[in-house]
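Let's take a walk through this structure together, one piece at a time. Keep the 3D view open as you read.

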Amino acid sequence: MYWHAEFAWLGDHIAADVLIEVDGERFTRITPGVPAPPDARRLPGLTLPGLANAHSHAFHRALRARAQGGRGTFWTWREQMYAVAERLDPDTYRALAAAVYAEMALAGVSCVGEFHYLHHRPGGEPYDDPNAMGEALIAAAADAGIRITLLDTCYLTGGIGRPLQGAQLRFGDGTAGDWARRVDSLHDRTGKSGSAHARVGAAVHSVRAVPREQIGAVADWARRHGAPLHVHLSEQPAENAECRDAYGMTPTRLLAECGALGARTVAVHATHLTGEDIGLLGATTTGVCMCPTTERDLADGIGPARDLADAGSPICLGSDQHAVIDLFEEARAVELDERLRTRERGHWTAGSLLAAATWNGHYGLGWPEAGRLEPGSYADLVTVVLDSPRTAGAGPEHLAEAAVFAATAADVRHVVVSGREIVRDGRHLLVGDVAAALDAAIAAVTRRT
């Protein structure tokens, strides 16, 4: 199969007239500077590798517009989120997640990291299949045509030394050992079923939600399975204060002492860090997932992304609670937020931000063979038009900047995932009317009449 890109980003430069050859799910040859064969599918615009959304809570999408009014903080928003969490079951979760993942596909996302902690029935009783909710998410990704890393999350306490209560009872497995036994079953089943689009990773929800003595068990599970390990880190100053009061150290230092940092680990947010924290994350090459649209929507703050990258932490991107689903917006926000923080411009090149949205994210999700236009990589393509009101006027020498600093998700026209066309001319080929699917799925879990 052949695609021919008018322009393509090849990791370190933009090339014109790029012939892209695919066999099955993988690229076999990438050749710039050649005319299109008669049977090639043409991709007018700028073609990129598939984007990786490294941090998602799919059900939070139901809160868009509902949680933006009035004053408050992260903690008041959380209560609204819990209300939605109480209403989901495997069927409604699959429908909602499939619509959300289809929205991601329309935005150019070929792989999602789903930070999944909504495991059990309301009240905490397991479903007949203890992994029914996780299986629903894996099926939803297949429905939408994208790949998924299900980051099955250990969530044991409602705060340091406090029991789970209310909606949180759905999240808990009792102990890290019980969590591991449940996830072993899901991991084994996913492998045996030949779910080529799905992999299972691990997550520590936060140092608030997993006691110090049990963090190591989650990290050990990830090491044994060669799986990614993700963790919410220092999203709120209150988390830091609670950790210092309980353990006499920052959350980053606690994770380091529990053996939870390293090249397979991704710290999400990492907003309120000390200099020592930044050094620990960088020295262990722990990745950091920045979610700027969520961090600003929830008034979390601006994280030290440039300092983290300089220290040695690869940066990837996520849309988290999906105030918007637009990885181009997330990418440019990393630079623009740094400008606000420092009052200087030019901290990141467009190429480095595209890498954060593509290969870095795939690596952090345990798909190192994706996120690049090169032979052997998964055949994921995202084409951005160059003649929209946002992108018009950019010359060939500025197309990477046009993608990062001008384009939006609305400029994505074609998406290919693992060699399969998912979006054509801005229309999702599997779900069809994504807006209608979202409207119906959200109505089902918000009791909207």
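Before we start, one term: two strands count as paired if DSSP finds at least two bridges between them. Keep in mind, too, that what you're looking at is a predicted model.

Let's begin with the sheet. It's an open one with eight strands, ordered 5-6-7-8-9-10-11-12, and the pairing is parallel. Strand 5 (51-56) and strand 12 (315-317) sit at the edges with a single partner strand each, so one side of each has no neighbour in the sheet. On average, neighbouring strands here are turned by 25° against each other, direction ignored.

Now head for the strand 12 edge. Strand 11 (residues 287-290) runs parallel to strand 12, and three bridges join them. If you want a spot to look at, find Val288, which stands opposite Ile315 in strand 12. Step back to strand 10 and you'll find three bridges linking it to strand 11, again in parallel, with Val266 opposite Gly287 in strand 11. On to strand 9: five bridges join it to strand 10, and these two run parallel as well. Here Val231 has Ala267 in strand 10 as its bridge partner.

So how many residues of strand 10 (residues 265-269) are buried? Five of the five are, so strand 10 is largely enclosed by the rest of the structure.

What packs on this sheet? Helix 5 (residues 212-225) does, touching strand 7 (147-154), strand 8 (198-204) and strand 9 (229-233). The direction of helix 5 makes about 160° with that of strand 8.

Next, the nonpolar interior. The largest nonpolar core has 135 residues, and Phe59, Tyr101, Ile148, Ile215 and Trp221 touch the most other members. Helix 2 (residues 90-106) gives this core its largest share, 10 residues. Take Phe59: leaving aside neighbours within four places in sequence, its contacts include Met81, Leu88, Tyr93 and Tyr117. There's also a second, separate core of 14 residues, with Ala15, Phe27, Ile30 and Val416 among them.

Finally, follow helix 2 to its meeting with helix 3 (residues 132-144). Their axes come within 8 Å and cross at roughly 35°, and the crossing is right-handed. Among the residues that meet there are Tyr93, Ala97 and Tyr101 from helix 2, and Met133, Ala136 and Leu137 from helix 3. What kinds of residues make up this contact? They divide into 15 nonpolar, no polar and two charged.

Note on methods
Residues numbered from 1 in each chain as written. Predicted model: local features only at pLDDT ≥ 70, side-chain atom pairs only at ≥ 80, totals over all residues. Heavy atoms only, no water. Helix = DSSP H or I, 4+ residues; strand = E, 2+ residues; numbered from the N terminus. Axes fitted to C-alpha atoms, helices over the stretch in contact; angles between N-to-C directions. Contact = heavy atoms within 4.5 Å. Core = buried A, V, L, I, M, F, W, Y, C linked by side-chain atoms within 4.5 Å. Buried < 20%, exposed > 50% of the residue type's maximum accessible area, 1.4 Å probe, protein only. Left-handed = near helix turned anticlockwise from the far one by under 90°. Nonpolar A, V, L, I, M, F, W, Y, C, P; charged D, E, K, R; others polar.
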